[in-house]
Every structure is written in C-alpha cells, then in structure tokens.
Amino acid sequence: MIRIVIAEDQELLLQAMGSLLNLEDDMEVVGLAANGEEALTLIHQFQPDVCLMDIEMPKMTGLEAAEALISSFSKIIILTTFARPGYFRRALEADVRAYLLKDSPSEELASAIRCIMDGKRIYSPELMDVESSATEVAGENESSDQRDKSIGIVRSYLSTILDKIKLPTG
C-alpha cells in the first residue's frame, strides 16, 4: 500500500484529490494538509511513501517544504497551475521526483505516484519549456556555460521522459 500525504490550500481540491487517490487499490491517503508547515508535521508523524504538494500555499510553499525535506524525505510530487520561471530549477535542486500540472487527469497522477515509487522521475514538458525559455532570456545575467548547462539539464530530463513513455526524441 502506497501511503500518501497531500498538501493543498484549496479545501475542495484537497478533499477531491484525497478521495480520488483513496479509490486506488494500492493507495491510502494518510494525511491532508492546508499548507507546507502542516505537510512537514504530517510527513514526520505518518512517514508516508509520497507527498503531493501544491506549489503555492500560505505559511510555507510546496517548494519551501521540499527544500526543508531534502535530506530526510525525497518522494515529493509538486502540483501546480503556475508555469513560472525558476520553479522547475528549484524543484530539481530540492530533489522533487515529479513536477506536474494540476489539470492532468487523475489517472496520470496515480500513474505518476506509482512511477516515482519505482524510482522514476516525471516532469511535465510544459513546465520544463517555461524554464528553458526563461533561461534563454536570462542569459545576459549568467555565463554562457551556465546557460548551456541549464538547457542541457532540461533537455536531458525531457529526453528521459520521452524515453520512459516511448516517444521518439528526434
């Protein structure tokens, strides 16, 4: 059984995700949090296998919570409606295992949870595109080597994703 904590500040969405995931035969939602601080408490209390976190919440964001957990808990899925520059890089640095859009079908979320339990990483291509575009625009502020490395990391992750879902990368 995959034990899950969900952190989401929108009560209706929090309850809906919890209910949908509890319908899965191999999943159990053990905790619901309204912000990142509550998520940290529930993670320490229940020791779940996975934590789903909204990226923007009051008191502590999902990224801040992931950064606080970097050495003690790693199976974090960040869910967002925001494709903002800088978020993807922070998610990678915090060792977030999945970074997904909230408007994905619930079957994809359940599948993503199973995939990260198998050691895989899943990053939404739409969110990665925003990051690589921002990197190109911000290029005047960083060296060419840093920019090339950032773009290379994004391309590498995209290639890995496409390989996992068996799509051609050409």
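## Strand E1 and its neighbours

Strands E1 and E3 (residues 50-54) run parallel and are joined by 4 bridges. One pair to look for here is valine 5 with cysteine 51, its bridge partner in E3. As you follow along, please keep in mind that this is a predicted model.

E1 also pairs with strand E2 (residues 27-33), again in the parallel sense, and this pairing spans 6 bridges. Isoleucine 2 is a handy place to start, since its bridge partner in E2 is methionine 27. To get from E1 to E2, the chain passes through helix H1 (residues 11-22), and the resulting β-α-β crossover is right-handed.

How many of the residues in E1 are buried? The strand covers residues 2-7, and 5 of these 6 residues are buried, leaving E1 mostly covered.

## The protein as a whole

Stepping back, the protein has 7 helices and 6 strands. Read from the N terminus, the order is β-α-β-α-β-α-β-α-β-α-β-α-α, so you will meet two helices in succession at the end of the list.

## Burial, contacts and surface

The protein has 170 residues, and 43% of them count as buried. Among contacts with a separation of 6 or more, 64% are between residues 24 or more positions apart.

What share of the exposed area comes from carbon and sulfur atoms? They supply 50% of the about 8,900 Å² that the protein exposes.

Terms used: Residues numbered from 1 in each chain as written. Predicted model: local features only at pLDDT ≥ 70, side-chain atom pairs only at ≥ 80, totals over all residues. Heavy atoms only, no water. Buried < 20%, exposed > 50% of the residue type's maximum accessible area, 1.4 Å probe, protein only. Contact = heavy atoms within 4.5 Å. Areas by Shrake-Rupley, 256 points an atom, 1.4 Å probe, with all protein chains shown as cover. Pairing = 2+ DSSP bridges. Right-handed = clockwise from strand over helix to strand, strands pointing away.
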